Amino acid sequence: AGFVSLVGAGPGDPELLTIKAARRLSDADLVFFDGLVPAEVVAMARRAQCFRVSKRARRRTVSQETIHRLMIRGARQGKRVVRLKCGDPFVLGRGGEEALALKAAGVPFEVIPGISAAVSAAELAGIPVTHRGLASGFTVVSGHAAEVFEPILGALEPGSMTVVVLMGLRQRRRIAATLLSHGWAADTPAAIVLAASTPQMQLWTGCLTDLAEFDAASVAVGNTPATIVIGEVTRLSAVIGNAAHLTQTVDAIALQQ
């Protein structure tokens, strides 16, 4: 009988995969992977047929329903299928939708957690998302749609916790404007972690008003994943650092003309 593994690929560094995730990739017959999963991770599936099922913004994508059908068909053909997702399957990755589709189809499956960029991107830049005296909690939101993140950010007491925004670089101005309009101080520290855990990792730090003016093109962001972190904890990056992972630091922002 076929079987599906919903596997979290972590933030990008292949060494941050779990042992179980590496085993499933090694044994897989069929792998459907997200566009941001590094080639080095996909290459661990040495005997499998591997297919990219990207869902990147502003690009031609594979629909979620099609991904469901492909996984189900592969499992019904008796194959060991791996659905390889960036970060953790159940953190803004539609892993829950895929699990429900497999359950409804009667296909046996498992979920293998991965390290989410919601925590690891900040951590690798020397930013703890919680720290005694600074933040006792954190909120994670997707930055894709303003109608989703605005009500959440608007409900937070200013400065009460760390805010982590995944996939929010394109909406950085609106994110900053939302927080500012709900009482957050203009000098609230902020950071952007680019390509966390990879050799291309970069860090920008500033404040909430600077975030709105950050010029992504000035630091060769390209299509690399970005994580926005807002709150007092970002000040700790300058003290803690993480030389083992942080290869580049953006020392100044370039304001758009």
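Modeller: Before we start, a nonpolar core is a set of buried Ala, Val, Leu, Ile, Met, Phe, Trp, Tyr and Cys residues joined through side-chain atoms within 4.5 Å. Buried means under 20% relative accessible area, exposed over 50%, and partly exposed in between (1.4 Å probe, protein chains only). The model here is predicted, with local features needing pLDDT of at least 70 and side-chain atom pairs 80 or more, while totals for chains, interfaces and linings use all residues. Numbering runs from 1 along each chain as its sequence is written, and side-chain values use heavy atoms, without hydrogens and water.

Colleague: Fine. How many residues does the largest nonpolar core have?

Modeller: Helices and strands (DSSP runs of H or I, at least four residues, or of E, at least two, numbered from the N terminus) will be handy here. Leu 153, Ile 192, Leu 211 and Ile 230 have the most contacts inside this core. Helix 6 (146–154) and strand 8 (189–194) are among the elements that supply at least two residues each. The count for the largest core is 23 residues.

Colleague: And how many residues are in the second, separate core?

Modeller: Look at Ile 127, Val 129, Leu 203 and Val 229, which it includes. That core has 17 residues.

Colleague: Which strands do the buried residues of helix 5 pack against?

Modeller: In helix 5 (residues 117–124), the buried set is Ala 118, Ser 120, Ala 121, Ala 122 and Leu 124. With contact meaning heavy atoms within 4.5 Å, they pack against strand 6 (138–142), strand 7, strand 8 and strand 10.

Colleague: Which residue caps the N-terminal end of helix 5?

Modeller: At the other side, just after the helix, Gly 126 takes a positive phi of about 80 degrees. At the N-terminal end, a side-chain oxygen lies 3.0 Å from the backbone nitrogen of Ala 118. The residue it belongs to is Ser 116.

Colleague: Why is strand 1 largely enclosed by the rest of the structure?

Modeller: Start with its partners, where strands pair if DSSP finds at least two bridges between them. Strand 1 runs parallel to strand 4 (residues 80–85), with six bridges and Ser 5 opposite Val 82. It also pairs with strand 5 (residues 109–112) in the parallel sense over four bridges. As for the enclosure, strand 1 (residues 3–8) is largely enclosed because its buried residues number five of the six.

Colleague: How many disulfides does a search of the whole structure find?

Modeller: A disulfide is a pair of cysteine sulfur atoms within 2.5 Å. Cys 50 is partly exposed at 29%, and Cys 86 is partly exposed at 29%. The number of disulfides found is zero.

How values were computed
Polar contact = N/O pair within 3.5 Å; in protein donor to acceptor, adjacent residues only side chain to side chain.
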